[in-house]
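Colleague: I should be grateful for a close look at a single part of this model, namely the surroundings of one aromatic side chain and the way they fit into the whole chain. Please explain each step as you would to a first-year student.

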Amino acid sequence: MKHFSANIYMQKPLRYYAVAFLFITGLLTGCESYTPKSTNNSNPPATVYNKPVSTQGNVQQPSQAKSSGLLDPGLPAGTLNEQVVRHLGYTLSYNEEHELASWVAYTLKVSHLSGKEKRSDDFRADPAVRTGSAEPDDYKYSGYDRGHLAPAGDMKWSRKAMSESFLMSNIAPQARAFNAGIWETLESTIRGWARKDSALHIVTGPVLYGNLQIIGKNKVTVPEYYYKAVLDAQEPVIKCIAFVIPNRQSSQPLKNYAISVDSLEAMIKLDLFPGLPDDIENEIEKNLFINQWQFGAQKTYRKTKKPSK
């Protein structure tokens, strides 16, 4: 009996050593297959999404788009009881209460920039708006320009697109110094980005809150601020930026008005790019990294023309 017991006591430490050896071996093996997340913040991912490379055959990654590599962000979501109107060069959501578009969305391709169509200047009511849009005469003697949301300068690729950019559903009251100054600078800057990045998705419109002035017989609201959001959805680098600019003359650098898309969406209560995969949308919209975008010389406004009469 003592001999049997002695064998047990001799074997017991051996079992512990064996179990300990197996446990440590398994732990080391598990650690070899684990790759910790990078703590290098030199290139923050919040505005640049680098497409991951699949190592598992034909497994499709969340950011993978069609063969063109261009993700479709869809149309903005969040407006209620508004008519969505589609034209050749842009789509809009018409806000009858304010007689303005809540948003205008379009894609600006590098091929659009080589168009030769000239401004048509044929401002007119939009017959596609069922409730009736604002009219050119609403701006007469108001002191405000008939300012474009989707700019005519982005529609030179088609005579029809150019003409439709002058429909009053795409027009909003803008101070002359704003329209011909910092707003035009932003439009030109975005065209420069499109030349570099091939295609951009743009959403633009008025900020409609507060006790705002109205003009004309149709009671068109005069916004105090306007916004633009720009999405470069071309893989492998995806990024976005937004701007909110007061409707008045400004000598401030354009980048001073840049904000994150999340901040803009919270302000205007819209989801601007709902078609993006959630992981990409959340990552690129939450922060702003201004260095991902190049800014050129600022245009200085000089009073040359009178506002709309």
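Modeller: A residue is called buried when its relative accessible area is under 20%. Trp 193 has a relative accessibility of 4%, and therefore Trp 193 counts as buried. Please bear in mind that this is a predicted model.

Let us begin with the ring of Trp 193 and its partners. The structure holds eight aromatic pairs. In one of them, the ring centres of Trp 193 and Phe 243 are 6.4 Å apart and the planes meet at 25 degrees, so this pair is stacked; planes under 30 degrees apart count as stacked. Trp 193 belongs to helix α4, which covers residues 182-197, and Phe 243 to strand β11, which covers residues 237-246. The two residues are 50 residues apart, and their pair links distant parts of the chain. Phe 243 has a relative accessible area of 0%, so Phe 243 is buried.

Trp 193 also pairs with Trp 293. Here the ring centres lie 4.6 Å apart and the planes stand at 50 degrees, which means that the pair is tilted. Trp 293 is found in the segment after α6 (278-285), whereas Trp 193 is in helix α4, so this pair ties together parts that are 100 residues apart in sequence. Both Trp 193 and Trp 293 are buried. Through ring pairs, Trp 193, Phe 243, Trp 293 and Phe 295 are linked into a cluster. A charge is also found at this cluster: the charged end of Lys 239 sits over the ring of Trp 293, at 4.8 Å from its centre.

The next step is to place these rings in the interior of the chain. The largest nonpolar core has 44 residues, and Trp 193 and Phe 243 are among those with the most contacts inside it, together with Tyr 90, Ile 190 and Ile 245. Two or more residues of this core come from each of several elements, including β3, β4 (100-109), β7 (199-207), α4 and β11. Helix α4 gives the largest share, six residues. A second, separate core has 22 residues, among them Leu 71, Ala 233, Leu 270 and Leu 272.

Tyr 90 leads to another region of the largest core. Apart from neighbours within four places in sequence, Tyr 90 is in contact with several residues, including Val 85, Val 104, Tyr 106, Met 155 and Leu 167. Val 85 lies in strand β2 (residues 83-86), where the side chains alternate. Gln 83 and Val 85 point to one face and are buried, while Val 84 and Arg 86 point to the other face and are not buried. Such alternation between the two faces of the sheet is what a regular strand shows. Strand β2 pairs with strand β3 (residues 91-95) in the antiparallel sense over four bridges. The two strands form a hairpin with four residues between them, and the bridge partner of Gln 83 in β3 is Tyr 94.

Finally, the whole chain provides the setting. The chain has six helices and twelve strands, and 45% of its 309 residues count as buried. Of the contacts between residues at least 6 apart in sequence, 71% join residues at least 24 apart. The pair of Trp 193 and Trp 293, with its 100 residues of separation, illustrates a link between distant parts of the sequence.

Methods: Residues are numbered from 1 along each chain as its sequence is written. This is a predicted model: local features need pLDDT of at least 70, side-chain atom pairs count only at pLDDT 80 or more; totals for chains, interfaces and linings use all residues. Side-chain values use heavy atoms; hydrogens and water are left out. Buried means under 20% relative accessible area, exposed over 50%, partly exposed in between (1.4 Å probe, protein chains only). Two strands pair if DSSP finds at least two bridges between them. Rings of Phe, Tyr and Trp (its six-membered ring) pair if their centres lie within 6.5 Å; planes under 30 degrees apart count as stacked, over 60 as edge-to-face and the rest as tilted. A charge sits over a ring if NZ of Lys or CZ of Arg is within 6 Å of the ring centre and within 35 degrees of the ring normal. Contact means heavy atoms within 4.5 Å. A nonpolar core is a set of buried Ala, Val, Leu, Ile, Met, Phe, Trp, Tyr and Cys residues joined through side-chain atoms within 4.5 Å.
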